[in-house]
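Q: Could you take a close look at the aromatic rings in this one and walk me through how they pair up?

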Amino acid sequence: MSFGPPPTPYNVPGPDVSSGPPPRTGRRRTAVGAVAAVLLVALAAGVWAFGPGGSGGGSASDARAAAGRQAPDDIRETVEKRPPSPEGTAAVSYEETLRTVGRNVSAMGTWATDKVFAKGFGNEIRGFRLGGSEASEIAWRLTLPGPLCAVTRHVSVDGRTAIAYAGEATDADSDADTGTGTDGGPEADPLTSACDRLAVFDIDTGKKMWDTKLAGAGSSLAVNVTMTDGTVVTAWGEGSAAYELTGGKRLWADTDPSTCADEGFAGGRDLLALLSCGDSADPTYRVQKIDPRTGDAEWTYRVARGVQGVSLVSSSPAVVAVAAGDVVVTDLISLDERGKRRATIRLNRDHQVLDCDRTFSAVVESCGAIVVDDERLYLSEEDHIVAHDLATGRTAGKFDAPAGGEMHPLRMSGGQLIAYRPGRGLGRPDAVVALDPESGEETLLLLFAGGAEVGALDDPAHNDIVYEHGRVFFGARTVVGPYDEGEVGGTDQVAVGIESAG
């Protein structure tokens with residue numbers, strides 16, 4: 001392991017912020033009950049240049065022990081094992097052909113367990129059986145009355161996740177599109193349907209565990225859904241509510257008019273709320289840590305005036321992204337356990353992949369290309385992943401991709417960072433690796449011919465990339481129809497999965 005120069009501090013201050021009082025601005029909360037060996041040689045290992053003063057946020061053994069103590073309805077934190085062989089082979093291939101000119105179909109939702117991969121498309125979710133003799137074998141289909149309009153990336157330990165959808169297709173839906181997928185799959189547009197229902201389904205079986213109507217969300221097109229341990233939380237502009245993950249019992253609801261509105265929530269280990277206050281043309285923002293069982297605020301962080309937008313990067317540790325004086329993210333701010341600012345990380349968007357911007361979307365738990373552990377924040381920057389210390393904002397090391405390449409962080413696996421290296425245009429295979437921030441050690445997990453197999457789905461700023469149980473999945477967020485009348489719709493990849501050939 002080679003050591004770089006001491007970290008350089010960020011001397012430019014972030015937005016002027018201050019902690020506010022704990023209460024949620026007086027808002028009333030109503031409680032409702034308690035590839036071959038030669039390819040291995042071809043891919044040279046990167047070099048971790050680790051600055052002094054950091055540690056990896058816990059060992060893999062500690063993480064495994066913690067994972068073993070998780071309850072079935074906790075949010076899973078899978079600790080990955082090294083696959084039998086790094087040589088990759090197809091696990092899933094899902095394509096659709098669109099026939100309607102100018103129609104873009106939303107493909108939100110990309111999830112996986114050790115048994116099933118699930119992908120949303122229009123008003124349908126398909127489950128693909130994993131580990132079988134044939135890739136792309138459909139295990140189940142969940143067809144909804146109207147299109148999916150909100151999903152969460154979070155999955156419980158026992159394989160459940162939450163979705164919001166339109167309870168019925170509107171006239172606009174039925175009139176605008178009569179096309180179908182290659183094998184009869186529906187097309188639909190979430191922007192024309194009121195998003196008024198919330199459900200939890202089992203990824204392994206495709207069965208809805210419970211389903212409820214969102215009171216007061218009948219006319220809303222912008223709904224946000226997330227999960228934290230044992231709880232599903234949703235916001236729809238004019239209100240918000242929380243439900244027990246098991247059974248769907250409503251825990252609390254907030255539907256009172258107020259000067260502050262819940263823009264959305266970020267889940268995981270904890271629950272954060274993003275509020276916009278005052279004039280909708282020039283709002284001020286607040287971030288609050290929320291007790292998921294009661295809806296009460298534990299602390300409030302007031303974002304400086306003049307910020308054009310806020311995204312919630314992580315709930316624990318709490319990290320927010322702000323667009324200070326601009327419409328794109330300019331700073332990342334880490335908060336302590338009391339909601340006070342710890343450090344500000346100044347960004348240069350010309351060289352970084354953040355995935356924070358979701359046009360015409362109610363998603364606030366964005367910035368999916370940024371990964372956070374207990375002590376560091378990781379993001380891709382040109383040809384390497386750079387780490388920043390959450391306590392100081394200083395650079396805490398970097399991991400370099402092979403010459404001319406890219407590397408993108410996907411998620412933490414215990415104390416290790418799982419990363420994806422596309423090989424496009426470089427004559428190299430794609431790779432998924434595990435990086436140890438403490439030792440600098442790199443472990444090759446999967447190696448595969450990404451250009452041929454993954455196609456256009458390898459950009460983490462526009463597609464979902466999920467690594468789970470030794471497999472990597474690439475999923476489109478939108479599928480585009482033909483541009484001209486008479487043009488036959490092309491076949492588009494909706495999702496691709498790669499697993500070990502061993």
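A: Here's a tour of the aromatic pairs and where they sit.

Keep in mind that this is a predicted model, where local features need pLDDT of at least 70, side-chain atom pairs count only at pLDDT 80 or more, and totals for chains, interfaces and linings use all residues. Residues are numbered from 1 along each chain as its sequence is written, and side-chain values use heavy atoms, with hydrogens and water left out.

What counts as a pair? Rings of Phe, Tyr and Trp (its six-membered ring) pair if their centres lie within 6.5 Å; planes under 30 degrees apart are stacked, over 60 edge-to-face, and the rest tilted. By this rule there are 10 aromatic pairs. One of them is Phe-117 with Phe-473, a stacked pair with 4.6 Å from centre to centre and 10° between the planes. Phe-117 belongs to strand 7 (residues 116-121) and Phe-473 to strand 36 (residues 471-476), so this pair ties together parts that are 356 residues apart in sequence. Strands here are DSSP runs of E with at least two residues, numbered from the N terminus. Phe-117 and Phe-473 are each buried, meaning under 20% relative accessible area with a 1.4 Å probe, protein chains only.

Now for another pair: Phe-448 and Phe-474 meet edge-to-face, at 6.2 Å centre to centre and 65° between the planes. This pair also links distant parts of the chain, with Phe-448 in strand 34 (residues 442-448) and Phe-474 in strand 36, 26 residues apart. Phe-448 and Phe-474 are both buried.

Back to Phe-117 and Phe-473: they join Tyr-94, Phe-121 and Phe-128 in one aromatic cluster.

Notes: Helices (H or I, at least four residues) and strands (E, at least two) are DSSP runs, numbered from the N terminus. Buried means under 20% relative accessible area, exposed over 50%, partly exposed in between (1.4 Å probe, protein chains only).
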